[in-house]
Amino acid sequence: MNHSEASSSRTRTLAAAMFAGMLSLILLGCGVYLYLSPQLPNVEQLREISLETPLQIYSRDGKLISEFGEKHSRPLKFDEIPPLFVQAFLAAEDDNFFNHSGISLKGLARAMADIAQTGSIQSGGSTITMQVAKNYFLSSRRTFSRKFTEILLARNIEHALTKQEIMALYVNKIFLGQRAYGIGAAAEVYYGKNVTQLSLAEMAMIAGLPKAPSKYNPVVNPKRALERRDWILGRMLRLKYIDQLQYDAAIDAPVGLNFRPPKTEVYAPWLAEMVRAALVARFGEKIQGAGYRIYTSVHSDNQNAAVRAVIDGLSAYDRRHGWRGAEANDVPLAGFYEAGGLTPAKVTGIEKRAVTAILKNGATIRIEWPGLSWARPYKTVNSLGASPGKAGQIVKLNDIIRVRKSGNAWRLSQIPAAQGQLIALNPDTGAIEALVGGFDYGRSQFNRSLQGWRQAGSTLKPFIYTLALERGYTPQSMINDAPMTVGNWSPSNSDGEYMGPITLRRALYLSRNLVSVRLLQAVGVDRARSYLDRFGFMDDQLPKNLTLALGTAQVVPVQMATAYAVIANGGYRINPYFIERIEDARGNVLFRATPEQVCRECEHPVITAEPAGPTTPTAESDAPVEITGQGSDITVTPPPTPPVAVIASELPAYPPARRVMGAKSAYQMANILRDVILHGTGRGALSLGRSDIAGKTGTTNDAKDAWFAGFNPRMVAVAWVGFDNPAPLGRLEYGGYAALPIWNDFMKVALAPLPDQWLTPPGGMKAATPASGSGSAPVTPDADPAATDPNEAVTPDTPPVQTSPDEIF
């Protein structure tokens with residue numbers, strides 16, 4: 001065989017081998033297709049795909065409270081994406097996207113070469129369409145079967161969807177680090193913007209993340225992220241997506257990061273958990289990724305004011321009882337976190353009357369003597385050590401302390417040992433206007449507003465007194481404030497004194513215990529317990545003896561707020577609620593609250609008289625008929641039509657609340673409670689300078705609980721202070737001293753936009769005038785304002801028929 005024949009033979013052999021190889025590949029491909037094709041998901045479902053988006057909770061005025069869900073995403077339509085952003089992704093991932101049919105042969109060849117060299121899958125050679133197939137239908141495992149499935153799915157997707165739909169699916173699903181899924185979320189998380197506000201450099205930065213979100217994350221690796229961004233900008237220039245001027249400007253731009261995790265504008269974590277728990281209980285855990293927007297009943301200004309009030313009130317209480325010492329010494333600062341606005345710091349220097357410390361962010365601060373001098377050492381709840389003379393008596397080097405900035409100065413602080421809460425309601429609707437369940441949610445998720453069962457103390461007395469009003473007493477009825485013994489029990493007043501015969505009005509605003517017991521004796525314990533049921537108090541938490549008069553009942557603050565709302569609104573039972581409406585991810589309203597509301601006009605509708613028009617008399621009519629004329633000129637005139645009663649206003653569009661207290665009794669009690677502030681134990685509220693506020697202090701035995709429950713016609717708020725494990729708060733820590741300042745600080749903000757306007761008296765009663773005029777000047781507690789109320793002798797309403805209360809919420 002000559003050389004030419006040998007060469008020809010080798011050529012034929014090589015051709016045959018190549019043909020056999022290609023045929024094998026074709027047969028293999030057909031086999032894989034026949035095997036995998038029946039198992040492929042239907043790509044048509046991509047048209048209806050619901051992207052996982054977090055459950056978002058907002059205040060009534062649209063401020064973000066919280067987000068629940070593992071994925072932070074903001075889905076966009078294709079026409080909402082800036083063209084340059086699309087081109088940045090094309091330059092980074094698949095510049096031939098709008099031309100190929102879902103598969104890049106060049107990319108697959110490159111992947112096959114990698115396999116030949118390394119023996120394993122390295123780069124996937126995936127197009128954007130193939131990445132959509134993987135992200136929506138497949139796992140991220142690198143296997144040959146998954147890659148073949150990805151190719152087949154990509155072909156099906158290309159046949160089912162437009163390129164624009166595929167691109168939108170891609171940019172909305174990709175993981176971009178920092179819990180951000182999709183470019184909408186990434187723009188917010190990394191730059192605090194929406195996609196239309198991003199610069200070219202910022203778009204290129206985000207477009208560089210899909211390749212390796214952790215490696216090119218600008219938060220973690222800004223240098224690598226910048227290199228990746230600049231490479232993408234270079235690709236955009238070469239592909240003529242941008243010109244030289246745009247490129248130069250973008251290259252010169254710094255990283256420009258404005259990283260911020262989803263930022264809450266309202267601090268209401270206890271309320272947020274109430275919403276989440278309610279939705280999960282009804283719809284299951286998947287609700288947290290459904291993208292629903294929940295609008296609550298709280299207003300952001302009121303909620304933030306309530307948070308500040310609780311933190312400030314508890315901090316003030318804590319300072320009164322002395323410095324308990326540093327939290328730790330010579331341990332890493334990294335393990336301590338902010339709580340209640342108090343920042344952890346480590347002492348780095350001590351001077352005679354100043355301290356320097358370092359914060360977690362590395363900043364050094366200086367605390368001068370005015371911010372340290374309060375720190376007398378704590379001994380017991382009722383005693384303090386000597387005032388410090390130098391900083392070294394307060395802290396040591398490397399102590400972990402808490403600091404708080406006040407104006408431009410730093411102050412030493414500490415996390416309070418006591419706890420507190422505040423809840424506020426709209427008395428006409430039951431809408432929760434603010435809710436703070438404790439000092440700091442991060443340290444204690446226990447919601448004291450809803451779960452904190454405590455003794456009510458004197459805040460329960462107004463309802464015993466109101467029952468007496470309903471049973472025939474008046475505010476001027478005389479009751480003896482004198483010693484008494486019932487069996488082995490001899491109750492006493494908090495001051496140990498007795499005032500003899502005293503009016504019911506004065507006895508309540510001075511909180512005389514003996515009068516309360518005598519009134520409960522008069523109306524009967526069983527009748528009182530049944531009456532208290534109406535306001536939302538739980539029957540099994542009400543004692544069946546005379547101690548009920550002193551507030552030994554167990555209550556939660558939301559019950560107390562619901563009960564005081566009855567007095568504030570004129571006698572109607574409302575039910576608290578906290579979800580105003582629910583919207584889906586597209587903004588469709590799925591639910592809107594329709595709570596029972598006070599409808600005063602429903603009891604006394606306006607009646608007008610309107611003629612019903614002429615009518616023709618009938619034979620059956622007995623009314624006189626006037627007949628005039630003769631023959632064909634006879635005229636029959638019917639009698640005048642009597643007026644028909646017409647209700648001027650139609651029934652309300654909401655369910656009306658039930659009356660559970662007589663209107664006159666409610667008005668009389670509201671005025672007595674206004675005197676608590678003008679003349680009694682709540683005089684600290686006079687600092688608000690308003691005449692339209694009322695309330696009642698409450699303190700249990702040994703000052704284990706301090707309450708203030710107060711209201712104006714538009715707002716009810718209840719503040720409580722105590723230890724989670726009941727223990728004395730200390731001498732003088734009465735409701736008017738420990739809890740009332742919290743109520744004051746909140747109501748100062750909540751009532752600021754509301755006019756000073758007291759309750760309107762019910763029919764047949766005249767408006768009462770407070771003895772101190774505007775209520776802005778204190779009055780001695782011995783002054784009796786009875787003469788200023790023209791309704792003192794009015795017989796109270798007959799008690800309404802007993803009705804069982806609805807369950808709270």
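## A walk through strands, charges and rings

Strands E21 and E22 (residues 589-592) run antiparallel to one another and are paired over 3 bridges. Everything described here comes from a predicted model, so please read it in that spirit. The two strands E21 and E22 make a hairpin with 5 residues between them. In that turn you will find Gly587, which has a positive phi of about 90°. If you look across to E22, Arg581 stands opposite Arg592.

Strand E21 also has a second partner. Strand E5 (residues 293-296) pairs with E21 in the antiparallel sense, here over 4 bridges. Within this pairing, Arg293 has Glu583 in E21 as its bridge partner. How much of E21 is covered? The strand spans residues 579-583 and is mostly covered, with 4 of its 5 residues buried.

Let us turn to the aromatic rings. The structure holds 15 aromatic pairs. One of them joins Phe463 and Tyr564: the ring centres are 5.3 Å apart and the planes meet at 85°, so this pair counts as edge-to-face. Phe463 belongs to helix H14 (residues 461-470) and Tyr564 to helix H18 (residues 557-569), so the contact ties together parts that lie 101 residues apart in sequence. Are these two residues buried or exposed? Both Phe463 and Tyr564 are buried. Tyr531 and Phe535 make another edge-to-face pair, with 5.0 Å from centre to centre and 80° between the planes. Tyr531 and Phe535 are both buried as well. Stepping back, ring pairs link Phe463, Tyr531, Phe535, Phe537 and Tyr564 into a cluster.

Rings also meet charges in this model. The charged end of Lys163 sits over the ring of Phe97, at 4.4 Å from the ring centre. Arg228 does likewise with Tyr216, its charged end sitting over the ring at 5.6 Å from the centre.

Next come the contacts between opposite charges. There are 24 salt bridges in the structure. In one of them, the side chains of Glu67 and Arg74 meet with an N to O distance of 2.9 Å. With a relative accessible area of 15%, Glu67 falls under the 20% limit and is therefore buried. Arg74, at 21%, is partly exposed. These two residues do not stand alone: Glu67, Arg74 and Glu188 are linked in a network of salt bridges.

A further salt bridge forms between Arg404 and Asp312, whose closest N and O atoms are 2.5 Å apart. This pair links distant parts of the chain, with Arg404 in strand E12 (residues 399-406) and Asp312 in helix H12 (residues 300-320), 92 residues apart. Arg404 is partly exposed at 26% relative accessibility, and Asp312 is partly exposed too, at 29%. For a salt bridge between buried residues, go to Asp692 and Arg690, where the closest N and O atoms are 2.9 Å apart. Both Asp692 and Arg690 are buried.

The tour ends at the surface. Which residues make up the nonpolar patch of about 210 Å²? Val219, Val220 and Leu257 form it. Val219 lies in the loop between helix H8 (200-207) and helix H9 (222-238). At 31% relative accessibility, Val219 counts as partly exposed. Patch residues need over 30% relative accessible area, so Val219 passes that cut-off with its 31%.

How values were computed: Residues numbered from 1 in each chain as written. Predicted model: local features only at pLDDT ≥ 70, side-chain atom pairs only at ≥ 80, totals over all residues. Heavy atoms only, no water. Salt bridge = Lys/Arg side-chain N within 4 Å of Asp/Glu carboxyl O. Buried < 20%, exposed > 50% of the residue type's maximum accessible area, 1.4 Å probe, protein only. Patch = residues over 30% accessible without salt bridge, like charges linked within 9 Å, V, L, I, M, F, W, Y side chains within 5 Å. Areas by Shrake-Rupley, 256 points an atom, 1.4 Å probe, with all protein chains shown as cover. Phe/Tyr/Trp six-rings, centres within 6.5 Å; stacked < 30°, edge-to-face > 60°. Lys NZ or Arg CZ within 6 Å of the ring centre and 35° of its normal. Pairing = 2+ DSSP bridges.
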